[in-house]
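Got your viewer open and the selection box ready? Load the model, and let's take a walk through it one stop at a time.

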Amino acid sequence: MNAQNNGPAKKRNVVVIGNGMVGLRFCEKLVEFDMQQRYRITTFCEEPRAAYDRVGLTSFFAHRDAEKLMLTRMEWYREHGVELHLGDRASRIDREFFTVHSDKGAEIEYDAVVLATGSYPFVPPIPGIDKKGVYVYRTIEDLERIIEHAGTAKRAAVIGGGLLGLEAAKAAYDLGLETHVVEFASRLMPRQIDDAGSRVLVEKIEELGVKVHLNTGTKEVHGDGRVERMEFNDGEWLDVDMIIVSTGIRPRDEVARECSLAVGERGGVVVNDRLQTSDPDIYAIGEVALHGGMIYGLVAPGYQMAESLARNLCGGDEHFGGTDLSTKLKLMGVDVASFGDYEAGSDRALPLTWEDPFDGVYKKLLFDLQGTTLLGGILIGDASDYGSLSAMASGGIPLPCRPGELIIGTSGGAAIGGVESMPEEAQICSCNNVSKAAICKAIRDNELDSVGQLKSRTKAGNGCGGCLPLVTELFNAEMKSVGVAVSNHLCEHFEYSRTELFAIIKTKELKTFDAVVQAYGAGYGCEVCKPVIASILATLWNDVIVNPEHLTLQDTNDRFLANVQRGGSYSVVPRVPGGEITPEKLVVLGQTAQEFGLYSKITGAQRVDLFGAELHDLPVIWERLVDAGFESGHAYGKSLRTVKSCVGTTWCRYGVQDAVGFAIRLENRYKGLRSPHKLKSAVSGCVRECAEAQSKDFGLVATENGYNLYVCGNGGAKPRHAGLLVADIDEDTAIRYIDRFLMYYCTTADKLMRTAPWLDQLEGGFDHLRQVVIDDKLDICSELERMMQNVVDTYQCEWKAVVDDPEKRRIFRQFVNTDENEPCIEFVNQRGQQRPGDWPTEFVSLGQSQALDIRGQEETEDVETRWVQVGLTSDFPVDGGATIKYGGVQIAVFNFVSRCEWYACQQMCPHRKAFVLSRGIIGDAKGVPKVACPLHKKTFSLENGQCTSDEDYSVRVFPVKIENDVVYLDLPQIEVLDRLLATEIGCHLATSCKTSVPQETVVAVAGV
């Protein structure tokens, strides 16, 4: 290393050229190992964004959010003093003056340079390959260009059948293009699998509709300025609109060449075992490094190089001796894996192969000549054992059984070589070199309670992801060993998953929550299990959810058929099928908003949302809307929200199908379907995709031959691009497949699980889903269709059921003991409309709590009480709450019929100072009765008022008694309770709100 900057007080400068996955890993490891803080790190990043997950690049097609691929926060660089030059290429190293020069004019002195420039895609010199419509598959910008071009293309070809080539083919296929893979060699993935494995892989891929051309070289690309046709060496032709080239990589060694470092004949910067180049002050790691005559094109070896070099710069003496090229991927929905020395010759290995032509599975394991050690292997179609087998091979672990039993199992059917039997030194994650011992220690020492935390702490599973099943298995085993149960039980009241409960309720034809909990549960239920079972009952039997036997099972949104908003008001969202609405209906919405002072907004789903409705006004508002022909929009439910549409052939000059008409047909069919989570849909009238159908749970994109059906996409916090289920189908066929898809999802998904994560955990993934829905693999499609038809046939508009029934309208009274109404929210004027004032400060300090006496723990004075009549038992819903007014105070009273008990507490939740507790779900936790605030699900004991999830909060509780069906509360005099709860808290709320919005006018003061 350069000695010119060796002053004891001066930090050494390390310049890292390249900020990809390996470059970042080196920076992270140098920061970690540099305990004496001897180094200052500068890194150059040629791309416009910092290091991102290039291994997971294909996932960009699902979410199309570059931020989700970022490997670390930008704050990380600042926090650790790493100087990042973004969008600037380090173009020259001046070895004489120890400086690095960049394209933007930066000059950085160095003591050491680390070349982590990676590689670039090799594009063969084929005539016409430079035409418009030819892309490589390397960066996020490449993918964005592919997505844009795919909007006007119909057929794509991928040149290259290696790992990246097959990923590119999957991307083109999911974009709705007819896809071809063109490979010069005699097999796919020629560096990873053998001929037999390739044959199985080709069969699986072609079953999906992707055509594979082996032993095929491209002679020329034809077209008038843009791609139109490929000509092959054998004289055959293929018409295409787009070509993706994935024919290997070449090291980015131009900076090394420019400063005369030694490079290989075919490229790559020559390094020794300490990763030094021909200049001892310059190092190379990752795909640019040529070690032992080999370029490693996988991330795991690059990570090992980065860690080894970082240790050596901090005083270590590690030598990089090469590594295996184990990898596991899901290509075109097919598991493909190779591990260890999968190319070992007959002089040192004996192969054992097994092929299942019916399920498309191929396994080849290589053992030492004595059959005592696993050396490596290839897995196609079923890579479920990859984690344990690769760990066994990399660790040289003696076989726990006979060689053949690793493929076909033992005669007794016992599992072989489970994670618990592995030695502590077994390598679980090869990408990040994480051992079993390191994982177990991290779980114990840091009290980790999720796989996500484990990945963050150890980085196991953060590389290629192939080890994640093994990491999860090890996590579960470690949890079990310390007595922590890992279960899929719904909650403490049901030792079943949602899927299991769905099957039970359907098979046993159970119609109420009471019937379910009595037969298959324990206790009285809670805010977790009640809404889940209510949803299952609605999916299966489709009763009106506000019928008495279902009412108090619902979250507040479903219970009052409207979305609760800040402060406890509600929004009104009528259904507008397909986004099509008449002027007359628009006028009704405007008049209703004016009369009730509602904030109006057009939603992203082509509807009108009216905010700020008081609970007691909802039936009156909806009576107007129902009379005008509107129906419930189910914006409040875990159900179908909307089917968005563009105008299609109705107006658009590009439209090829009637998108509006089909969207209306779909929305009217599936409206009211209760599901594990909300459902969104869209129909686009052409491939320009204006309705964004490929970001929905199910969406349709019109083609000249019908529609392409996409499923399992979503927007929101974790955007996901939908996958193509089937192409070019007519409307009736699409409806039949959607019926099956939705009911299969409703039947098998976990609680609160959108279709995208449901697909992720579905065994067999998208391929399995297609086989179930299209091919009827499980022979259940007729039953799924019958179930959906029952939902369609029994549909009722829930709001019409309410406005036509006086008893149901009583549910929406603000108080059961008076016809008075009080505003409970403070509004401010903003942009010509009213909105709620900003939240009050979140937490009332202990001193304030004692002064206001809302904690129910300390008494400021001895208060004389008396029994006050507040209503009849029939005024209060079964196993639920309602509100009574006592002077200036609101009190929630709960009729806990299942326990034969009554409870009462203050109506205001202390967390956000909203008057909503009577609308919460009641239940029990380990026998203690509780109520869950409907806004943020904080739960309070109904016995002592203490918040069960946050000791900083509590509510005042009041004794209740029943005499001759009359309900009494033990309360102080009105003026005393007003002084303690109403006046001071009301002033506190008003002050908080006015202070938080000083430039706006408070137009309504909260009632207490």
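Before you click anything, keep in mind that this is a predicted model.

**Stop 1: a helix on a sheet**

Select residues 618–627. That's helix 20, and it lies across strand 29 and strand 31. Turn the view until you can compare directions: helix 20 runs at about 5° to strand 29.

Now bring up the sheet underneath. In what order do its four strands sit? They go 28-29-31-30, in an open sheet with antiparallel pairing. Strand 28 (563–564) and strand 30 are at the edges; each has a single partner strand, so one side of each has no neighbour in the sheet.

Zoom in on one edge. Strand 28 pairs with strand 29 (residues 570–572) in the antiparallel sense, over two bridges. Show V564 and you'll find Y570 of strand 29 standing opposite.

Then hop over to the other edge. Strand 30 (residues 599–602) and strand 31 (residues 608–613) are antiparallel too, with four bridges between them. Here I602 is the residue facing V608 in strand 31. The hairpin these two strands make has five residues between the strands, and one to click on is Q606, which takes a positive phi near 65°.

**Stop 2: a parallel sheet**

Next, select strand 9 (134–136) and strand 12 (211–213). These are the edge strands of another sheet, each with a single partner strand, so one side of each is left free of a sheet neighbour. The sheet is open, its five strands follow the order 9-16-10-11-12, and the pairing is parallel. On average, neighbouring strands in this sheet are turned by 20° against each other, direction ignored.

For a good look at parallel pairing, pick residues 155–159 and 178–182. Those are strand 10 and strand 11, joined by five bridges. A157 stands opposite H180 in strand 11.

Add residues 140–150 to your selection. This is helix 4, which lies across strand 9 and strand 16 (242–245). Check the angle: helix 4 runs at about 150° to strand 9.

**Stop 3: the nonpolar cores**

Which residues touch the most other members of the largest nonpolar core? Select F26, I93, L115, L201, I285 and L374, out of 142 residues in that core. Helix 8 (residues 299–313) supplies the largest share of the core, eight residues.

Center on F26 and show what surrounds it. Leaving out residues up to four places away in sequence, F26 touches V14, V16, V114, I285, A306, L309, A310 and L313. Apart from this core lies another one, of 64 residues, with L510, L537, L666 and M743 among them.

**Stop 4: helix 21**

L666 leads us to the next selection, residues 659–670. This is helix 21, twelve residues reaching 16 Å from the first C-alpha to the last, close to the 16 Å expected at 1.5 Å a residue. Color the buried ones: A659, V660, F662, A663, L666, E667, R669 and Y670.

What covers those buried residues? The cover includes strand 32 (640–645), strand 33 (679–684), strand 34 (698–703), strand 35 (706–711), helix 22 (731–748) and helix 25 (781–793). Just after helix 21, look at G672, which has a positive phi of about 90°.

**Stop 5: a long hop to a serine**

Draw a distance line from the C-alpha of E667 to the C-alpha of S198. The two residues are 469 apart along the chain, and the line should read 44 Å. S198 lies in helix 6 (residues 195–207). Is S198 buried or exposed? It counts as buried, at 1% relative accessibility. Not counting residues up to four places away in sequence, S198 touches R187, L188 and I193.

**Stop 6: the cysteines**

How many disulfides does the structure hold? Zero. Try C646: the nearest cysteine sulfur belongs to C690 and is 5.8 Å away. C646 counts as buried, with 16% relative accessibility. For C933, the nearest cysteine sulfur is that of C909, 3.6 Å away, and C933 is in no disulfide either. C933 is buried as well, at 2% relative accessibility.

**Last stop: a loop**

Finish at T948, in the loop between strand 47 (939–941) and strand 48 (957–958). T948 counts as partly exposed, at 48% relative accessibility. Sequence neighbours up to four places away aside, T948 touches T939 and S941.

Terms used: Residues numbered from 1 in each chain as written. Predicted model: local features only at pLDDT ≥ 70, side-chain atom pairs only at ≥ 80, totals over all residues. Heavy atoms only, no water. Expected span 1.5 Å × (residues − 1). Buried < 20%, exposed > 50% of the residue type's maximum accessible area, 1.4 Å probe, protein only. Contact = heavy atoms within 4.5 Å. Pairing = 2+ DSSP bridges. Axes fitted to C-alpha atoms, helices over the stretch in contact; angles between N-to-C directions. Core = buried A, V, L, I, M, F, W, Y, C linked by side-chain atoms within 4.5 Å. Disulfide = S-S within 2.5 Å.
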